[in-house]
Amino acid sequence: MRALYLGRWLRTAPGAARSRRLPLPPARAVLTAPGASPAPVPPRPAWRHGEQRPPPQHKVTVEVLDHLERLALVDFRDAEGVERLQKAIQFADQLHEVNTDGVEPMDSVLEDRCLYLREDDVTEGNCTNELLKNAREKVEEYFVAPPGNIPLPKLEERDTFLQGP
Amino acid sequence: AALKGELRFQVSVALKEGRVTPTELCQRCLSLIKSTKFLNAYITVAEETALKQAEESEKRYRRGQPLGVLDGIPVAVKDNFNTAGIETTCASNMLKGYISPYNATVVQKLLDQGAVLLGKTNLDEFAMGSGSTDGIFGPVRNPWSYSRQYKEKSHSEDKEPNWVITGGSSGGSAAAVSSFTCFAALGSDTGGSTRNPAAHCGVVGLKPTYGLISRHGLIPLVNSMDVPGILARCVDDASVVLGSLAGHDPKDSTTIQDNFKPFELPNLTDVSQLSIGIPKEYHAPGLSSEILALWSKAADLFKNAGAKVIEVSLPHTRYSIVCYHVLCTAEVASNMARFDGLEYGHRSDMKKSTESMYAATRREGFNDVVRGRILSGNYFLLKQNYENYFIKAQKVRRLIANDFVKVFGSGVDILLTPTTLSDAVPYVEFIKEDNRTRSAQDDILTQAANMAGLPAINVPTGLSERGLPVGLQFIGRSFHEKQLLTVAKWFEKQVKFPMIQLEVKRHDHSACHNQKSASFS
């Protein structure tokens, strides 16, 4: 019976126009089929999640959160946002289980290849109008920004979730 | 004439012989897009330009001078590729209304071959996600949710069974190819974003070697891992598209300089010279017993055909997703810094200062997922964390890449693994967990190939008990796409994956139960 299954599957004769579904045997048959040598596919998961989860780190301080909001110019918005960061850090902490002594960091998979420079010749450009089309505020050929060199207000004065209740 | 729309080659032949014209083909696809609007696969449908391109193609065929095999073939492109004159949104408020001033290199190459660009497909916002559920235009529905195969197995008497996700982030592209609205589509693959939806939608999803295809014009997520991905209905089609896209691009310095020669795939009959590796760590926790069984059968298939099938080990597989998490968020933090409202995209009305305008723009433009990744990335890049997280992750990346080098160095030609842990889940189930958790779960089997820059392909293998597609993944050596695709084609021929029996009301409102849904007559 099993031989028949595989035999049908192996037939490559063209013109077998009937669309055939891959027959799925009951799970047990895969492992204990008489006469067939065991498939190299491991029957059980090779590892489990979080076997050696390190102790949870101290919570990220409000100062660091504020610092992140300033650096990224993106806000946490609510407690869920902060919780997301905490979980992300906890997830990333698994990296410390790996022994990387003597291993060089890898920037790119193409590190063994040369990066070629091209000739310093202008080959394209003169597309000022196209580029300006997508900007909302512009004057002649300039993008217009609000006044610069004004730092973001401090935490206490900003309208941010981190201010606390 | 009953057109087997399934194989693009056959359509190509039909175009050449005049049995169908490019404009007819284009119109049928556009009509089918309208009929399948509920799938939400497309964000923008470029009807006018597509018809113009089809007309140009028709003129060329009449003169007997088609540009190539792709001339007149309707394609779709994921909405994170720049397309001149067509809105490119990345499914984000940040780029809503942004009309690209240029074509991405891969888009330009397709157009230069005469392909007809039907439109831009839906995705997770900025390609961050594994479900194509987190974009501002809403989630993409898996066409198989509406297939006879799924409905028959759902045991629901009167109510419509819960629709399932496409997987992500290139879900729109996968759904478009799977529902016959186009013959090939471009996606992007950073952690599995092309192969994951390909597996769930029952199509071929190819991730080429990093450095083979230009990323110029692909809005970047992770510069060291992104690649454009190809989705098609069969391996031959994917190979033809690859042939037209691969090669050095002076505008992308991360493309290799080696000469690329497009190839035709041989019809392999003898696999006795092949050595297939089964990495044991890819039996990850949570792998469904169905997929395990399929994986076993596939291994047996190769063994019985004479190939050498051996178990191998990639010991650092379990850390691949953690490593990805750190490197991805770090690179995202950098790549998203360009969105400040000044030169393009959304701009807030806040005028007090440059910094506050930037902050407000980004607050308004990005969704939770994007903001979360930017903040995490910045955390890992802080001076106090740089060594412990970012550099550490880069070291782990080398270990992962070395795992593959060792295995391929020991004589293994191709690795055979599952692509996903299970078949597609219903949307209502999927959204119960947050984006990061889902991505961590769903990318486990696909991510390592991006870490190491290796080519990988999903080949649809069979249907699950619920009537949904399941695929298996082949991973090959760097720049050995020909070998990878040859083996994939052999495998595809053996398993004869069934055609989707899509039940769709045609645009002219007549119900149409397509037995051979591929035929456009």
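In this predicted model, a good place to start is B:F491, which is buried, with a relative accessible area of 0%. B:F302 is in much the same position: its relative accessible area is 0%, and B:F302 too counts as buried. The two rings have their centres 5.8 Å apart and their planes at 5 degrees; with planes under 30 degrees counting as stacked, the pair is therefore a stacked one. It ties together distant parts of the chain, since B:F302 sits in helix α9 of chain B and B:F491 in helix α17 (residues 481–495) of chain B, 189 residues apart.

B:F302 has another aromatic partner. Counted over all chains, there are 17 aromatic pairs. One of them joins B:F302 to B:F474, with 5.9 Å from centre to centre and 70 degrees between the planes, an edge-to-face arrangement. Here again distant stretches of chain B meet: B:F302 belongs to helix α9, B:F474 to strand β11 (residues 469–475), and their positions lie 172 residues apart. B:F302 and B:F474 are both buried. Elsewhere in chain B, a single aromatic cluster takes in B:Y98, B:F126, B:F339, B:Y344 and B:F366.

These rings lead on to the nonpolar cores. In soluble globular proteins, nonpolar side chains tend to be buried together. The largest nonpolar core here has 141 residues, and B:F126, B:F302, B:Y379, B:F404, B:I457, B:F474 and B:F491 are the ones with the most contacts inside it. Helix α13 (residues 383–409) of chain B is the top contributor to this core, giving 11 residues. Another core lies apart from it, made up of 30 residues, including B:Y61, B:A76, B:V116 and B:A198.

What does B:I457 touch, leaving aside its neighbours within four places in sequence? Its contacts fall on several stretches of chain B: there are B:R195, B:V204, B:G205, B:L206 and B:V235, then B:L472, B:Q473 and B:F474, and also B:L484, B:L485 and B:A488.

Helix α9, home of B:F302, also helps to make a piece of the strand architecture. Strand β7 (residues 275–279), helix α9 (residues 289–304) and strand β8, all of chain B, make up a right-handed β-α-β unit. Strands β7 and β8 (residues 308–312) of chain B pair in the parallel sense, with 5 bridges between them. Within that pairing, B:S275 faces B:K308 of β8. Strand β7 of chain B has a second parallel partner, strand β9 (residues 414–418) of chain B, joined to it by 2 bridges; there B:G277 stands opposite B:L415.

Is strand β7 of chain B enclosed or open? Since 5 of its 5 residues are buried, the rest of the structure largely encloses it. Neither face is left uncovered: B:S275, B:G277 and B:P279 are buried on one side, and B:I276 and B:I278 are buried on the other.

Chain A can be described more briefly. It holds 5 helices and 2 strands, and along the sequence these come in the order α-α-α-α-α-β-β, with the helices ahead of the strands. Chain A has 165 residues, of which 30% count as buried. The exposed surface of chain A comes to about 12,000 Å², with carbon and sulfur atoms supplying 53% of it. Among contacts in chain A with a separation of 6 or more, 52% are between residues 24 or more positions apart.

Note on methods
Residues are numbered from 1 along each chain as its sequence is written. Chains are lettered from A and ligands numbered from 1 in the order in which they are written. This is a predicted model: local features need pLDDT of at least 70, side-chain atom pairs count only at pLDDT 80 or more; totals for chains, interfaces and linings use all residues. Side-chain values use heavy atoms; hydrogens and water are left out. Buried means under 20% relative accessible area, exposed over 50%, partly exposed in between (1.4 Å probe, protein chains only). Helices (H or I, at least four residues) and strands (E, at least two) are DSSP runs, numbered from the N terminus. Two strands pair if DSSP finds at least two bridges between them. A crossover is right-handed if, with the strands pointing away from the viewer, the path from the first strand over the helix to the second runs clockwise. Contact means heavy atoms within 4.5 Å. Accessible areas come from the Shrake-Rupley method with a 1.4 Å probe; for residues, only the protein chains shown count as cover. A nonpolar core is a set of buried Ala, Val, Leu, Ile, Met, Phe, Trp, Tyr and Cys residues joined through side-chain atoms within 4.5 Å. Rings of Phe, Tyr and Trp (its six-membered ring) pair if their centres lie within 6.5 Å; planes under 30 degrees apart count as stacked, over 60 as edge-to-face and the rest as tilted.
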